Amino acid sequence: MKIALIGCGFFAMNQLHAWNGIAGAEVVAICDRDPERLSLAAALAPKAAAYTDAAEMFAAGGFDVVDLATTVGSHRALVEMAAAHQLHVICQKPIAPTLADARAMVNAVDATGKTLMIHENFRWQSAVRAVIDALRSGAIGEPFFGRISFRSGYDVYAGQPYLAEGERFIIEDLGIHILDIARALFGDATRITATTRRVNPAIKGEDVATMLLDHTSGVTSVVDCSYATRRSPETFPESLIEIDGTLGTLRLDAGYTLSVQIGDQVETRDVSPTLLSWADRPWHNIQESVQIIQQHFVDCLNQGIAPETDGQDNLKTFALVEAAYLSANENRTVDLTEL
Ligand code: NAD
Ligand code: 89V
């Protein structure tokens, strides 16, 4: 599989490392408008052709897959260019700035018969996957309540300064992952109620969001996110999960500890992520999930099946993001059929 990577910034380095660890995948072209970033990426893909202009790279061709690691404003134009060249696409989250853009992008790739996967990796974190697998095994019976919580005071702005600059912040950037975990666990949601707050005066968008979801499965879930929470130990970037079911409870606690309680019996196990050779704590959790989702993409293409977070699937996660902002802005519950 020959891959072209567009965007060689902060997060793309993880994607390049991950491709280097996947048998049968090879990054043959890299592109960034910024020559300095391009040369940093070239160190991880020394044989790849390097471009500062995406249109030139598409015209030169020689690859089957485009992996987009640019920020959201460029996603639609680049996905449409990839579709025009009949390529498979992986696009970083958030898929687009608006639902209309997101729908147009999904339609553009669907019309070619190629695969679009959104790089929605949190559901592939090994600890989160252990919860998904345990729930799907039926261990705790039928779930009726869930809480997925991500609260941290970690300085995310140092590595990603743009996070401090947008009108929208935590729901669009981080909440999107946590809402997607809620969908992976409990299925699609029908209604959402959200509140937001900005605590850090040095940023533009909201850094706290609390969301209540009704799922078609009958589960009620709470998704709460904060980048304004001082806590010791700092749990970045762990998602903590509690699920109540008719037979018992599941809990993913800080330190990657998974407990399953059935009656009075509690079984606890360590579900810590592997520290890959190129990874750094505390990001190793996210970094491992990058390797896993990219392997999932390759496996799905080889088997001719859709990845879990293909374009159509991710429209539902992105609709929750849009609905959460609408709910918070209008101070009301939003039915997903409104969007
Ligand atoms: P960044 O600003 O560090 O890097 C983006 C790079 O893209 C820059 O080097 C920029 O020059 C380049 N670029 C932008 N538009 C371009 C274009 N049209 N042609 C060529 N190059 C272009 O951003 P980042 O922090 O690496 O984030 C990139 C994406 O990854 C964002 O969508 C972000 O939300 C996402 N992200 C995902 C995760 C995750 O866990 N899935 C984590 C962090 C960031
Ligand atoms: O995963 C992400 O999307 C990152 C962060 C963990 C900082 O929210 O932007």
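**Exercise 1.** Sort the residues that line the second largest pocket into nonpolar, polar and charged.

*Solution.* The lining holds 7 nonpolar residues, no polar ones and 4 charged ones. Here Ala, Val, Leu, Ile, Met, Phe, Trp, Tyr, Cys and Pro are nonpolar, Asp, Glu, Lys and Arg charged, and the others, Gly among them, polar. To check, go through the list: Leu99, Arg103, Arg183, Asp188, Ala189, Leu315, Lys316, Ala319, Leu320, Leu336 and Leu339. Next, look at which elements they sit on: α5 (99-110) and α9 (311-330) each give two or more residues, and α9 gives the most, with 4. The pocket's volume is about 200 Å³.

*Before you go on.* This is a predicted model, where local features need pLDDT of at least 70 and side-chain atom pairs 80 or more, while totals for chains, interfaces and linings use all residues; side-chain values use heavy atoms, without hydrogens and water. Residues are numbered from 1 along each chain, with chains lettered from A and ligands numbered from 1 as written.

**Exercise 2.** Work out where the largest pocket lies.

*Solution.* Start with its volume, about 1,000 Å³. Now find its centre: among the 46 lining residues, Ala69, Thr70, Thr71, Val72 and Tyr162 lie nearest to that point. Two helices, α4 (75-84) and α7 (170-186), each supply two or more lining residues, and α7 supplies the most, with 4. Then bring in the domains: domain 1 (2-114) and domain 2 (123-279 + 310-338) both contribute to the lining, so the pocket lies between them. Finally, take the chemistry: 24 of its lining residues are nonpolar, 13 polar and 9 charged.

**Exercise 3.** Decide whether helix α6 is mostly covered or mostly open.

*Solution.* Count the buried residues (under 20% relative accessible area, 1.4 Å probe). Helix α6 spans residues 126-136, and 8 of its 11 residues are buried, which makes the helix mostly covered. Those residues are Ala127, Val128, Arg129, Ala130, Val131, Ile132, Ala134 and Leu135. Now step past the end of α6: Gly138 takes a positive phi of about 85° there.

**Exercise 4.** Trace the open sheet of 9 strands from one edge to the other.

*Solution.* Read the order as β14-β13-β12-β11-β7-β10-β9-β8-β15, with mixed pairing. The edge strands β14 and β15 (334-335) each pair on one side only, pairing meaning at least two DSSP bridges between two strands. Now zoom in on β9 (208-215) and β10 (220-226): the two run antiparallel and are joined by 7 bridges. One of the bridge partners to look up is Asp224 in β10, which partners Thr210.

Terms used:
On a 1 Å grid over the protein atoms alone, a cavity is a set of points where a 1.4 Å probe fits but cannot get out, and a pocket is an open set with protein on both sides within 12 Å along at least five of seven lines; lining residues have an atom within 4 Å of a point. Grid points are joined across faces, edges and corners, and a volume is the space filled by probe spheres set on the points. Domain bounds come from an automatic or database domain assignment. Buried means under 20% relative accessible area, exposed over 50%, partly exposed in between (1.4 Å probe, protein chains only).
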